[in-house]
Every structure is written in C-alpha cells, then in structure tokens.
Amino acid sequence: MVLYARERRPPRWWRWLDPGGVEVIAMPRAAPPPPPPRWRAAAAIRLARGRCRRVAFVGPTGAGKTTTIAKLACEFRMRGWDVHLVAGDTWRVGASRQLAEYGKALGVPVHPLSALERDLRAEVLLVDLPGVHPSMGERWEEVRNVLSRTRAHEVHLVLSATASAAVLRRAQEDLQELGATRCVLTHLDEVDAATLHEALAALHLPLSYLTYSPEVPGDVASARSQAARRWLPQG
Ligand SMILES: Nc1nc2c(ncn2[C@@H]2O[C@H](COP(=O)(O)OP(=O)(O)O)[C@@H](O)[C@H]2O)c(=O)[nH]1
Ligand SMILES: [Mg+2]
C-alpha cells in the first residue's frame, strides 16, 4: 500500500550525474485470508425401522474408530434405534474388552466376528476393525476379509485431524481398496483453526461425522448438522 510518493528532480545542471527518480514510502499489504477449504459433507447414516444398516469403520491405528463407534452407538440408542456392535479388532490387546465395556455402559449388544454370518435383529450394526495399512500383510488381508463378510452398506474411513495434510492424503490413497465412500474426522478439539483448515482441504472423501472429544457419550456430529457448523469453516 503506497503511503507517500514524490517525484525527485535534481537541478538541470546536476542531472548528468543524478537523473532523479520517484521516492515512494509503501507498507506491505496484509495477506488476504486463505479461501475456505473445499470439503464436501456426506449425509449422516440413514436408518429405517425393521431393516439392518451395516456400517464398517476403517482407518489407521489410533485414529478414533472405536471411540467414534461408541459415540454413534449412544446417539442411535438414544434415538430409539436397535444398535448392535461387532468387535472386529482381534489384533490390539484389549480392543474387544474396550468395545465390550462401551457396549455394557450403553446397553448395546457386542458380538464376535462370527455374528456377521448370523441374521441379527439390529437396525444398525457398527463394525469395529483394527488399524490397518497395506504394508501390514496379514492384518490387511484380514480386514479385507472381514469387510467382505460384513457386506457393509457404508464404509467410513476414520482420520485424525492431528495428522498432517500429506499423511491424510496418503491414508486416503493407501486405504482406497477398502472401499470407504466417506470419512470421519476426529480430534477436532486438539487442533487450531489453521490445522483444521489444512486437514479439510486434504480430504478427497466427503465428510460424514466429526468428533471433538474422547468422551463417550457425546461430542460427535454429522457434518451436515447444526452442531458441526461450530467446528467447520463454512464455504
Ligand atoms: N481429544 C480427542 N481424543 C479422541 C477423539 N477420538 C478418539 N480419541 C482418543 O484417541 C485415542 C484412540 O482412540 P481409539 O478410538 O481407541 O482409536 P482406534 O485405534 O482408531 O480405535 C483414545 O485415547 C481416544 O480416547 C477425539 O475426537 N478427541
Ligand atoms: Mg480401536
């Protein structure tokens, strides 16, 4: 921004040595705010009375899969849906117990993987899986196998907003084969606005839910809900 400008003309007899010029005093202009990230909001899980919606959650270890499942189980339960959980993380020590404890506290049945072949009278079946990456060989194969047994209507990729944009992009590419069509972003309470902005800009998949505390129940919102507007920059 130009604050002051003046043409400087030395005397004619001096101009052979100093032709003159323009004096300018300027201040750098503040950088414009970055444009809002272009993320897409996916619809929340849609349930119907008397039908079973099978939903699986995949993603890297520690992203928040089990916590998201427990939060959603509680939400659905409170709205009167018949919720069942499947403990598919047979790799992490204590993972099944963690889910069983949530199930007990929420009054929701928790089944072993063998229940996937049974005709459960649930209206929503949430399947918890171990953290996974294609480099994990045996575990990768098992997750693929469980997913095909699940016959999921929806697969959600769970990602933490604390991961860098590069890691988030990479995770979406690396886990593409698992067939997730939407993603859940967790740990929003642990990042600042700029980091969240970068995380949202890195999402190729539409965003279904976000979570913003480790607490169960509570602090989960559909990306299209009013509650989500508090966390997400509006485009
Ligand atoms: N602050 C915060 N912590 C979270 C959130 N979601 C999960 N966590 C914590 O992150 C850790 C890993 O979560 P977990 O659900 O076990 O991850 P998983 O390995 O993907 O199943 C646990 O300590 C959770 O309490 C969140 O939205 N905010
Ligand atoms: Mg887990």
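**Group meeting: the ligand shell, the sheet and the core of a predicted model**

Good morning. I begin with the ligand. Of the 18 residues around ligand 1, those that come nearest are Gly 64, Lys 65, Thr 66, Thr 67 and Pro 214. Please keep in mind that this is a predicted model. By class, the shell around ligand 1 contains 11 polar, 4 nonpolar and 3 charged residues. Helix 1 supplies the largest share of that shell, with 3 residues.

Let me now step back to the chain as a whole. The chain has 10 strands and 6 helices. Its C-alpha atoms fill a box of roughly 100 × 40 × 25 Å along the principal axes. The radius of gyration is 26 Å, whereas a compact globule of 235 residues would have a value near 18 Å. Of the 235 residues, 35% count as buried. Among contacts with a separation of 6 or more, 74% are between residues 24 or more positions apart.

I turn next to the sheet. In what order do the strands of the open sheet lie? There are 8 strands in this sheet, in the order 5-4-6-3-7-8-9-10, and the pairing is mixed. The edges are formed by strand 5, residues 110-111, and strand 10, each of which pairs on one side only. As general background, strands of a sheet pair through backbone hydrogen bonds, either parallel or antiparallel.

Let us follow part of that order, beginning at strand 3, which covers residues 53-58. Strand 3 pairs with strand 7 in the parallel sense over 4 bridges. Here Val 55 stands opposite Glu 154 of strand 7. On to strand 8, residues 182-186: strand 7 runs parallel to it, and 5 bridges join the two. In this pair His 156 stands opposite Arg 182 of strand 8. Strand 8 in turn pairs with strand 9, again in the parallel sense, over 3 bridges. Leu 185 stands opposite Leu 210 of strand 9.

How covered are these strands? In strand 7, 6 of the 7 residues are buried, and the strand is mostly covered. For strand 9, 5 of the 5 residues are buried, so this strand is largely enclosed by the rest of the structure.

This brings me to the nonpolar core. In soluble globular proteins, nonpolar side chains tend to be buried together. The largest nonpolar core here has 60 residues, and those with the most contacts inside it are Val 58, Ala 73, Leu 85, Leu 126, Leu 159, Leu 185 and Leu 210. Helix 1, residues 65-78, contributes 6 residues, the largest share of this core. Two residues from the strand pairing therefore reappear here: Leu 185 and Leu 210, which stand opposite each other, are both among the core residues with the most contacts, strand 9 being largely enclosed.

Leu 85 offers a closer view of the core. Which residues does Leu 85 contact, leaving aside its neighbours within four places in sequence? They are Ile 69, Ala 73, Leu 99, Gly 103, Val 108, Val 110, His 111, Leu 126 and Asp 128. Of these, Ala 73 and Leu 126 also appear among the core residues with the most contacts.

I close with some local backbone features. Most residues other than glycine have a negative phi, and most peptide bonds are trans. Where does a cis peptide bond occur in this model? One joins Val 216 and Pro 217, with omega at about 5 degrees. Pro 217 is found in the loop between strand 9, residues 207-211, and strand 10, residues 220-222. That loop also holds Asp 219, which has a positive phi of about 55 degrees although it is not a glycine. Asp 219 has 16 other C-beta atoms within 10 Å, and is therefore partly exposed.

A further positive phi, near 50 degrees, belongs to Arg 151. Arg 151 lies in the loop between helix 3, residues 138-150, and strand 7, residues 154-160. Is Arg 151 buried or exposed? Arg 151 is exposed, because just 10 other C-beta atoms lie within 10 Å.

Finally, Ser 148 is found in helix 3. Ser 148 counts as exposed, because it has 11 C-beta neighbours inside 10 Å. The C-alpha atoms of Ser 148 and Leu 178 are separated by 9.5 Å, with the two residues 30 apart along the chain. Thank you.

Conventions: Residues numbered from 1 in each chain as written. Chains lettered and ligands numbered in written order. Predicted model: local features only at pLDDT ≥ 70, side-chain atom pairs only at ≥ 80, totals over all residues. Core = buried A, V, L, I, M, F, W, Y, C linked by C-beta atoms within 7 Å. Buried ≥ 20, exposed ≤ 12 C-beta atoms within 10 Å, placed from the backbone. Contact = placed C-beta atoms within 7 Å. Near = placed C-beta within 6 Å. Nonpolar A, V, L, I, M, F, W, Y, C, P; charged D, E, K, R; others polar. Rg over C-alpha atoms; globule rule 2.2 N^0.38 Å. Pairing = 2+ DSSP bridges.
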